[in-house]
Amino acid sequence: MMNAPLSYEALEIINFFNQQPSRVKGIFNEAAQHYKRLLYFKIYSRYDIKLPDNMALNWFRFWLFHFGSIATIYTNRFGWLAMPYGIESLDIYYQPKEIIVSSPSFDRPKKGLVGLNSEIIKCFDDFYGFENIVNKYAVMLAACDRSINTNVMSSVVSKIIAAKNKKQADDYKEAYGLATEGNPFVTVLADNWDGLEIRSLIGDVKSDYIADKLEDLRRCLMNDFLTEVGINNANLAKRERLNSDEVNANNEEVMALASVALENMQSGCKRLNELAGEELIAIELRDYPDTKGGESNEDDTMGN
């Protein structure tokens with residue numbers, strides 16, 4: 001459709017190739033893909049989704065959270081199905097009005113009229129999902145891992161030992177190798193060891209070692225992500241014991257995105273259930289178990 005709104009991906013492509021100064025873009029590599037998978041699992045854990053037996057939970061969550069929305073449509077053969085969809089037409093508010101779904105199991109594509117034989121469940125008002133948030137933090141977390149690996153490897157200090165000839169060099173190499181393997185004592189000829197001077201190839205290693213700071217940064221980034229998607233996390237800005245007011249200080253921030261997503265998803269579920277005449281799908285925030293052994297309530301899971 002020529003008059004359809006631009007998708008998020010299209011907007012990102014336009015931004016990527018823009019001419020004006022833009023933000024620094026990270027590298028999306030294998031490590032970032034690992035974190036992307038991990039972060040999505042964390043988002044999945046926040047929502048308790050109840051589906052009928054003929055709807056696969058992994059399929060439903062994938063399309064809903066990655067792509068932002070999923071359609072439900074009634075078919076004579078399969079009953080109610082949850083499927084990715086295309087848009088045939090929009091209403092006056094640019095909301096999907098007519099949709100089309102396809103599957104190898106269908107004789108032909110199925111068309112749905114929203115409110116009559118189909119409904120759409122979405123995460124956010126703009127029909128996009130968590131992809132931009134997950135990609136952002138996956139790239140940064142992967143960059144932390146790369147920096148930690150580089151810093152740890154560069155912290156390995158090589159030694160320089162001046163030898164008079166190859167035989168002496170071989171003796172030094174063997175002795176140093178045995179010593180670094182943890183042998184209780186190593187013997188060498190006294191003539192070979194007199195006047196020996198060992199120097200480090202790299203000077204002050206301690207000043208160059210920042211892996212511990214990068215570990216803290218990675219934890220802070222993960223906590224920032226958890227706060228954005230509505231999952232309780234520890235406040236690393238304050239090391240000492242927190243009082244209850246400090247623990248609950250950012251409840252609103254933690255629940256901001258999760259509340260919007262939950263409201264949208266529950267609104268779609270309500271319309272679907274009214275259309276179907278039964279409770280087909282229910283979505284709630286998950287109550288995490290209390291680590292002390294009791295059941296937690298929702299207020300306890302909000303604070304940072």
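Analyst: A polar contact is a pair of N or O atoms within 3.5 Å, where one atom must be able to donate a hydrogen and the other to accept it. The model discussed here is predicted.

User: What makes the pair of T227 and N233 a polar contact?

Analyst: The side chains of T227 and N233 come to 3.1 Å. The cut-off is 3.5 Å, so the pair counts. T227 belongs to helix 8, which covers residues 211-229.

User: Why is T227 called buried?

Analyst: Its relative accessibility is 6%. Buried means under 20%, so T227 qualifies.

User: Why is T75 called buried, and where is T75 found?

Analyst: T75 has 5% relative accessibility, and because the limit is under 20%, T75 counts as buried. T75 is in strand 2, residues 69-75. The T75 side chain also reaches the backbone nitrogen of F78 at 3.0 Å. Apart from residues up to four places away in sequence, T75 touches L81 and K110.

User: How many residues of strand 3 are buried, and why is strand 3 called largely enclosed?

Analyst: Five of the five residues of strand 3 (79-83) are buried, so the rest of the structure largely encloses this strand. In the chain overall, buried residues are 33% of the 304 residues.

User: What makes strand 2 and strand 3 a pair?

Analyst: They share five bridges in the antiparallel sense. Pairing needs at least two bridges, so strand 2 and strand 3 pair. One position in this pairing is I73, which stands opposite L81 in strand 3. The two strands form a hairpin, with three residues between them.

User: Which strands make up the sheet that holds strand 2, and why are two of them called edge strands?

Analyst: It is an open sheet of three strands in the order 3-2-7, with antiparallel pairing. Strand 3 and strand 7 (118-122) are the edge strands, each pairing on one side only. From one strand to the next, the twist averages 20 degrees. Strand 2 and strand 7 pair over five bridges, again antiparallel. The bridge partner of S69 in strand 7 is K122. Helix 3 (residues 57-67) packs on this sheet, where it touches strand 2, strand 3 and strand 7, and its direction makes about 135 degrees with that of strand 2. Helix 10 lies across strand 2, strand 3 and strand 7 and runs at about 165 degrees to strand 7.

User: What is the strand order in the sheet of strands 4, 5 and 6, and why do strand 4 and strand 6 stand at its edges?

Analyst: The order is 4-5-6 in an open sheet with antiparallel pairing. Strand 4 (86-90) and strand 6 (110-113) each have a single partner strand, so one side of each has no neighbour in the sheet. Neighbouring strands here are turned by 25 degrees against each other on average, direction ignored.

User: How do you know that strand 5 and strand 6 pair?

Analyst: Strand 5 (residues 96-101) and strand 6 have four bridges in the antiparallel sense. With at least two required, they pair. V101 stands opposite K110 in strand 6.

User: Why is helix 2 called oblique to helix 8?

Analyst: Helix 2 (residues 30-46) packs on helix 8 at an angle of about 40 degrees, with the axes 10 Å apart. Angles under 35 degrees count as roughly parallel and 65 to 115 as roughly perpendicular; helix 2 therefore counts as oblique to helix 8. The crossing is right-handed. Residues of helix 2 at this site include Y35, L38 and L39, and those of helix 8 include R218, M222 and F225.

User: Why are helix 8 and helix 10 called oblique to each other?

Analyst: Their axes cross at roughly 55 degrees and come within 5 Å; helix 10 covers residues 251-276. That angle falls in neither the roughly parallel nor the roughly perpendicular range, and helix 8 and helix 10 are therefore oblique. T227, E228 and V229 in helix 8 meet E253, V254, L257 and A258 in helix 10.

User: Why is A32 called buried, and which residues is A32 in contact with?

Analyst: A32 lies in helix 2. With 0% relative accessibility against a limit of under 20%, A32 counts as buried. Neighbours within four places in sequence aside, A32 is in contact with I27, A138, V139 and A142. A32 and A138 are 106 residues apart in sequence, yet 4.8 Å apart from C-alpha to C-alpha.

Definitions and conventions
Residues are numbered from 1 along each chain as its sequence is written. This is a predicted model: local features need pLDDT of at least 70, side-chain atom pairs count only at pLDDT 80 or more; totals for chains, interfaces and linings use all residues. Side-chain values use heavy atoms; hydrogens and water are left out. Buried means under 20% relative accessible area, exposed over 50%, partly exposed in between (1.4 Å probe, protein chains only). Contact means heavy atoms within 4.5 Å. Axes are lines fitted to C-alpha atoms, for helices over the stretch in contact, and angles run from 0 to 180 degrees between N-to-C directions. Angles under 35 degrees count as roughly parallel, over 145 as roughly antiparallel, 65 to 115 as roughly perpendicular and the rest as oblique. A crossing is left-handed if the near helix is turned anticlockwise from the far one by less than a right angle, and right-handed if clockwise.
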